[in-house]
Amino acid sequence: MQSMRVDKQGNTKMRKIGIVGAGQAGLQLGLGLLKNGYQVVITSNQTPDQIRNGRVTSSQCMFDRALENERALGIDFWKDAPPVEGIQFSLVPGGQTAMQWSSRLDRPAQSIDQRVKMPRWMTEFEKAGGELRIADVDMAGLEALEQECDLVIVASGKGEIGKLFQRDETRSPFDKPQRSLALTYVHGMEPRKEHSAVNFNLMPGVGEYFVFPALTLSGPCEIMVFEGIPGGPMDNWANVKSAQEHLAESLRILKEFVPEEYARSKDCVLTDDLGILAGRFPPTVRKPVLALPNGAVALGMGDSVCLNDPITGQGSNNASHCAAAYLTAILEHGDRPYDAAFMQATFDRYWDYAQFVVGWTNNMLLPPPEHMVKILARPQQNRKVAHWFVNGFNDPRTYFPTITDPALTDAFLAEAMGAAA
């Protein structure tokens, strides 16, 4: 059996996988491995209760292909959560809406506060026979885990241990943060009239603001996501000293730069005092194989090796697709050793998908070239282009090569306009 190995004494034993990090990637992979007969230990630096009672960690809007990975494992426990049914795009220079269009997703997206999701998955992991250890794992801890397990995977997200992986200069064009980031979880927002959606607002020279429905500890909510250009008028979070000040700064930004969004948000209240977050980081791709001092190797996964800016809403989707790719690679590998070549090939399997997400996201952080301006403007006149662009969030590979070449962009738009005519 692929989940078994023969030890040095000739005894047949179940293959054991160690995973550092109990987030979207680590838990999804761990649960998948358990279902396929592997022994799995996951380390977390927080207990389920600490996660549940702690601060929000992300906005995590997940599209249908990523949600399908959860459905396939039977861990989609929130079927009644508020759906995200579409995406609206608005261009708002100087506080005035210059362009606005929207389209529906073919299948709805969903956002579950990780304070709700991860404790439930941790409980399910233990119920399924997995071993959950509460520990801060450092390099010595990695070496100890490697001695115990056939394969060690680091899925620690933005944690310190993930930074041990070497930055891949060829795939990381930015060496500093491109946006000042903030999240605000709120109740009391006036619902969007047409259908639920991610409302994405682009404010030239200022940054981006998007908002969408989600499920948090206290029920349905909305998540405000602020992406301010560093040093610009949306980059004031360092001066915010309390939860109420964070909410006030959120509303100030909306009132000044996105008045339409302020109109439906002015009566909002925080879901809780820990439903806020602010920070910044450079988008970074790291090399997936970590050499340990004892000569062994560990494999990076998720944000440890592919940390995306949230501007395209792909972070949790990336983590899910990475876990799915790694699960397939491990199952196909059978009883062979998990050496550095296996680890590189496993990451390459994921990179076959992730390279398109990274390319698209990094380009969205820069001033758009003329052909991208056309793509963002044309949906206002053409439903086919709007539908194509909106549903590309579910699978960003569909944008390529159209968005990479002005000639291909023009041909695509001409075809869409011809079909409409």
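This is a short walk through one predicted model, going from a strand in a sheet to the cores, a helix, the aromatic rings and a few odd spots in the backbone.

Okay, let's start with strand β4, residues 39-44. Five of its six residues are buried, so think of β4 as mostly covered. Who are its partners? On one side of the bookkeeping we have β3, residues 16-20, which runs parallel to β4 and is joined to it by five bridges. If you want a spot to click on, Gly18 stands opposite Val41 in β4. To get from β3 to β4 the chain goes through helix α1, residues 24-35, and that β-α-β crossover is right-handed. The other partner I'd point to is β8, residues 131-134, again parallel to β4, with four bridges between them. There, Thr43 has Arg133 in β8 as its bridge partner.

Next, the nonpolar cores. As a reminder, nonpolar side chains tend to be buried together in soluble globular proteins. Which residues have the most contacts inside the largest core? That core has 66 residues, and the answer is Leu29 and Tyr326. Setting aside its neighbours within four places in sequence, Leu29 touches Ile19, Ile153, Met301, Ala323, Tyr326, Leu327 and Ile330. There's also a second, separate core of 40 residues, and among its members are Val198, Cys221, Trp360 and Val385.

Now helix α4, residues 114-127. Does its length look regular or irregular? Well, at 1.5 Å a residue, its 14 residues should span 20 Å, and the end C-alpha atoms are 19 Å apart, so that agrees. Ten of the 14 residues are buried, so α4 is largely enclosed by the rest of the structure. The buried ones include Trp121, Met122 and Phe125, but also Arg115, Lys117 and Glu124. Just after α4 comes Gly129, with a positive phi of about 105 degrees.

On to the aromatics. How many aromatic pairs does a search of the whole structure find? It finds 19. Take Tyr338 and Phe342: their ring centres are 5.1 Å apart and their planes sit at 55 degrees, so we call that pair tilted. Both Tyr338 and Phe342 are buried. There's also an aromatic cluster whose members include Phe63, Trp360, Trp388, Phe393 and Phe412.

That brings me to Gln314, in the loop between β19 and α8. Is Gln314 buried or exposed? Its relative accessible area is 1%, and the cut-off for buried is under 20%, so Gln314 is buried. Leaving out neighbours within four places in sequence, its contacts include Phe63, Trp360 and Phe393, and those three residues are in the aromatic cluster I just mentioned. Asn308, Tyr353, Val357 and Pro396 are in contact with Gln314 too.

For contrast, have a look at Lys384 in helix α11, residues 383-391. Lys384 has 40% relative accessibility, so it counts as partly exposed. Its C-alpha is 14 Å from that of Thr409, which is 25 residues away along the chain.

Last, two backbone details. Gln60 isn't a glycine, yet it has a positive phi of about 45 degrees. You'll find Gln60 in the loop between α2 and β5, and it's buried, at 6% relative accessible area. And the peptide bond from Phe400 to Pro401 is cis, with omega near 0 degrees. Pro401 is in the loop between α11 and α12.

Technical notes: Residues numbered from 1 in each chain as written. Predicted model: local features only at pLDDT ≥ 70, side-chain atom pairs only at ≥ 80, totals over all residues. Heavy atoms only, no water. Buried < 20%, exposed > 50% of the residue type's maximum accessible area, 1.4 Å probe, protein only. Pairing = 2+ DSSP bridges. Right-handed = clockwise from strand over helix to strand, strands pointing away. Core = buried A, V, L, I, M, F, W, Y, C linked by side-chain atoms within 4.5 Å. Contact = heavy atoms within 4.5 Å. Expected span 1.5 Å × (residues − 1). Phe/Tyr/Trp six-rings, centres within 6.5 Å; stacked < 30°, edge-to-face > 60°.
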